[in-house]
2 protein chains.
Amino acid sequence: MHNASIDVLAIGNAIVDVIARTDEAFLARENVHKGAMQLIDEARAEHLYAAMGPTTVISGGSGANTAVGVASLGAKAAFIGKVRDDELGRLYGHDLRSIGVRFDVPSATEGPATARSFILVTPDGERTMNTYLGACQNLTPEDVDPHTVRAARYVYLEGYLWDPPEAKRAFRKAVTIAHEAGNAVALTLSDPFCVDRYRDEFLGLMRDGSLDILFANIHELRSLYQTGDDATALAALRQEGVVAVVTRSAEGALVVTREETRAVPAFPVERLVDTTGAGDLFAAGFLAGLSRDLDHIGCARLGALAAAEVIQHIGARPQRSLAELARQEGLWP
Amino acid sequence: MHNASIDVLAIGNAIVDVIARTDEAFLARENVHKGAMQLIDEARAEHLYAAMGPTTVISGGSGANTAVGVASLGAKAAFIGKVRDDELGRLYGHDLRSIGVRFDVPSATEGPATARSFILVTPDGERTMNTYLGACQNLTPEDVDPHTVRAARYVYLEGYLWDPPEAKRAFRKAVTIAHEAGNAVALTLSDPFCVDRYRDEFLGLMRDGSLDILFANIHELRSLYQTGDDATALAALRQEGVVAVVTRSAEGALVVTREETRAVPAFPVERLVDTTGAGDLFAAGFLAGLSRDLDHIGCARLGALAAAEVIQHIGARPQRSLAELARQEGLWP
């Protein structure tokens, strides 16, 4: 039994989701790439907001969603990310702390507003994200508290952190401290276009020993190895020497190691409403499982369960206690 | 065919809903009256917010919810209410205008912040509201534009408007202008405790000819006539000479006139998630139906359909096009 005071520390962009249902025609008219995350500036943010329908506002951000999922399972989670001291920043802090996620990065007192992502959800449940990074651009290595990193058994990082200029250095600092303390480091590839922007650096992180665990969906994996052929991508992944979790929506997930590739089915879903957060919650279940010393299949089942909960409603944060759900399914003590 | 440029003008408190799931124990611990709306001051608002779990933020306010429901049915809606020029105030305006509700009351540039209601939703789907009125206290008769009132075939008012000091005068001004223009006036009783605070005034409004239509749920009706016996309350109501719509949750609704009482069943619901807005959306369907010259039963069926949509998800604003739903059910042209 590891003696960490934090099971999972997530580091990521602190983003409030502003979610509207829309139709395919709106995506075409606004020329957004369906299913992807695109970065937008303030002018574009104002234009999109004025054009989109009534919204639901829920805290989000990939890494933070994972931290909340871990806490909802009853494991100990912490988050490092940057908000401004504005209304949305206070909302963001409340929503983390009130579910038990430790979050003590000071809010920025100047500079851009708390980040928001305008998320367009089509009738098929697919989400398309338009993110204004705002205050996330002020996350720096100074925000990465070494004590917190040392205390965390798993440090989980977003590929999206490569987008704001200073966050990459924060990321590298966390990796170094975590490994010196003997803790494991996980990365999610975040988005196929994000992979496209930073492919060589992400491959470098796997190959220079920075990463122990990799999370990717099948689209991100294809982008990583620049192939449309899944067998080719998976064969390349197997050689990287990390524990890799590849999610494939309704087709379930694969856990890929040098030794073997094992498949876990998706959890049955009554009604797919909004896929936002599916990957984040899968990672939450997997990492929480690891922190309780479950085997990879048990971890992936927990991940599938958590992902299934979050795609059945609007927003990327669980609406039910994941610990309760997992106990009902016999997946959790 | 009436030639109004607005089908329904709603006047009410402009409130952003801050919604959290909770359990019965939390309600008991915080000493809140389950199912009711209680007014809170800023200190209590801060205490409750700190104590409650992660939230979903969605524009609300009883009258505004009704206006949005009318717009979602494809009829012409307008709203009069007061926000501050802060982040939540901008959100509020966006969410009205983006679904087609006309809203041109200027935001307050000073004074208290945009109103918020901390809504606690228990596992049975019941909602308990704790409302900080904030900027609503600055709604005055000057905000009631006579042209807008004259242009509206139905003017719909909240009983909750009796709470902020000046809004009552705004309310009376609207009634006078509407009747001078030959338009109809509707009131919702809002909440049993609200009825308790203003019983004599609400009865007076019915009896002095201020009201043409009354909306109430059965609890509010019992409070109005201070009786636990529904037959007694309904008999008293019949004598008032208004068209009265009495909603009774899963037991459906009654349309009560001096001449007759007719029952309409509730619409079947797959899963009750959050009752917030049920009454508001019932009123939306009923008034939109009246504006299209449907008979009372047709209007009540539309109301039941709209209410059923809104109680199957978090938040008091429809997530699907009510016009589309109503057409699928053959209730709407």
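The following legends describe close-up views of a predicted model. Local features are taken where pLDDT is at least 70 and side-chain atom pairs at pLDDT 80 or more, while totals for chains, interfaces and linings use all residues. Residues are numbered from 1 along each chain as its sequence is written, and chains are lettered from A, with ligands numbered from 1, in the order in which they are written.

**View 1. The axis relating chains A and B.** A turn of 180° with a shift of 0.0 Å along the axis lays chain B on chain A with an RMSD of 0.0 Å (superposed by least squares on C-alpha atoms of residues with pLDDT of at least 70 in both). This relation is that of a two-fold axis. Both copies use the same surface, as 100% of the contact residues of chain B recur in chain A (contact: C-beta atoms, placed from the backbone, within 7 Å). In chain B, the residue closest to the rotation axis is B:V57, at 2.5 Å (C-alpha).

**View 2. The contact between the chains.** Each side is counted separately: 21 residues come from chain B and 21 residues from chain A. On the side of chain B, strand 4 (56-59) and helix 4 (87-97) each supply at least two residues (DSSP runs numbered from the N terminus: helices are H or I of at least four residues, strands E of at least two). Helix 4 of chain B gives the largest share, five residues.

**View 3. The surroundings of V8.** A:V8 and B:V8 touch the most other members of the largest nonpolar core, which has 234 residues. Such a core is a set of buried Ala, Val, Leu, Ile, Met, Phe, Trp, Tyr and Cys residues joined through C-beta atoms within 7 Å. A residue is buried if 20 or more other C-beta atoms lie within 10 Å of its own, exposed if 12 or fewer, and partly exposed in between, with C-beta atoms placed from the backbone. Beyond its neighbours within four places in sequence, B:V8 is in contact with residues including B:A67, B:Y154 and B:L287.

**View 4. Two loop residues with positive phi.** A:Q226, which is not a glycine, has a positive phi near 50°. A:Q226 lies in the loop between helix 8 (218-225) and helix 9 (230-238) of chain A, and is exposed, with 12 other C-beta atoms within 10 Å. B:N31, also not a glycine, has a positive phi of about 60°. The loop between helix 1 (24-30) and strand 3 (37-39) of chain B holds B:N31, which is exposed, with 7 other C-beta atoms within 10 Å.

Key:
Contact = placed C-beta atoms within 7 Å.
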